[in-house]
Amino acid sequence: MSKRIVLLLLVALIALPMAFAGGQEEDGEIVIGANIYTFADNFMNGVMKPELESYAAERGVTIEIVDSEGQQAKLNDQIDVFITKGVDVLAINLVDPASARSVIEKAQSAGIPLVLFNKEATEAGVMDLYDQVWYVGTDSAESGIIQGEMMVSDWQANPDWDRNGDGAVQYVLLKGEPGHPDAEARTEYSVKAFDDAGIPTEELALEADPNWSTQHGADKMAAWLTSSFGDDIELVIANNDGMAFGAITSLKGADSDIPIYGVDALDQALTHIADGEMNGTVLNDGVNQARATVDLAVNAAMGMAPTEGTDWVLQSDGSKAVRVPYVAVTPENYQDFR
Ligand code: BGC
Ligand code: CA
């Protein structure tokens, strides 16, 4: 073989794998630097984290997931470490949805693509700062609308739920993290469903918890039940299942059968529905949100368009978001979600 042909062959041998590697590390393996805002969160730790790990393995990429322990400052440091290590792409669960800007700027100045997931940035226009940032989550309002419609139809079907017979719903609400788009929208739209149906509501109490925790649900519910309005409560609205689980423990402790609804459709919620201890929840499809997060991250790391070759659809409203639909889970259909 002439020297020229040997050289051409060599070039081809080197260029071929590189063409497939795109923006990957030299070792040919894609590494995703990821976090969960806190491993203490039932939904994030129980659904999203395991699926991120197993789906990344299925896709043949490496994902490193760190615990931000509910501290945005800690997350910022973790991102710096990921950048120094040279990860190919970042998949970030903001601790504070109002702090997206600094995260986006870090990724941008390092030239690393970024997929935000579960907590949507709240600062207007912030997603436009960088052409390599996307969001994977849900349409927050949809969960409140579905939960609200479920509660309205059950309320209408059960006249005895109006314990004091005044025609109005006296409710307590476990909100979750203040400023979190899911917490805000669920609070607004679940109650709005009663307004839309012409049913008056009266809020007896509302409590927020940045960690959406079971302990908080238990403590608040126990305190409410023994408060001056304890006997007036006709409905418990929980913006996630984790808080509902705590409330159910306290309701059971007080021998109370006040109806209660959650969001997420965690396995334990399905069991509570089966046992008649919970009236409904809304599937927050963490499995598909995790898969979309990994798919977008892998594409971005390879320098491809984020949804190329996938079934995910980016919203056409400029939000640069993939939104996975919510589904109502009731005593009639909960078996389908096991
Ligand atoms: C889930 C909550 C979770 C929160 C964390 C929400 O979408 O419904 O259970 O605590 O995300 O950001
Ligand atoms: Ca009433």
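## Where the two domains meet a ligand

The shell of residues around ligand 1 takes at least three members from each of two domains: domain 1 (2-138 + 285-324) and domain 2 (141-284). Keep in mind as you explore that this is a predicted model.

Which residues make up that shell? They are Y37, D41, F43, N118, K119, H180, D182, R186, W212, N240, D264 and N284. Sorted by class, the shell holds three nonpolar, four polar and five charged residues.

## Polar partners of the ligand

Let's look at some individual atoms. The side chain of N118 places a polar atom 2.6 Å from an oxygen atom of ligand 1. For D264, a side-chain N or O atom is likewise 2.6 Å from an oxygen atom of the ligand. In R186, the distance from a side-chain N or O atom to a ligand oxygen is 2.8 Å.

How much of ligand 1 does the protein cover? On its own, the ligand has 310 Å² of accessible area, and the protein covers 99% of that.

## The cavity that holds it

Rolling a probe the size of a water molecule over the atoms reveals where empty space is left. Across the whole structure, a search turns up one cavity of 30 Å³ or more. The largest cavity contains about 120 Å³ of space, and this is where ligand 1 sits.

Now for the walls: 13 residues line the largest cavity. Nearest its centre are D41, F43, N118, H180 and W212. You have already met N118, whose side chain has a polar atom 2.6 Å from a ligand oxygen.

Note on methods: Residues numbered from 1 in each chain as written. Chains lettered and ligands numbered in written order. Predicted model: local features only at pLDDT ≥ 70, side-chain atom pairs only at ≥ 80, totals over all residues. Heavy atoms only, no water. Near = heavy atom within 4 Å. Polar contact = N/O pair within 3.5 Å; in protein donor to acceptor, adjacent residues only side chain to side chain. Areas by Shrake-Rupley, 256 points an atom, 1.4 Å probe, with all protein chains shown as cover. 1 Å grid on protein atoms, 1.4 Å probe; cavity = no way out; pocket = protein on both sides within 12 Å on 5 of 7 lines; lining within 4 Å. Sits in = over half its atoms within 2 Å of the grid points. Nonpolar A, V, L, I, M, F, W, Y, C, P; charged D, E, K, R; others polar. Domains from an automatic or database assignment. Points joined across faces, edges and corners; volume = space filled by probe spheres on them.
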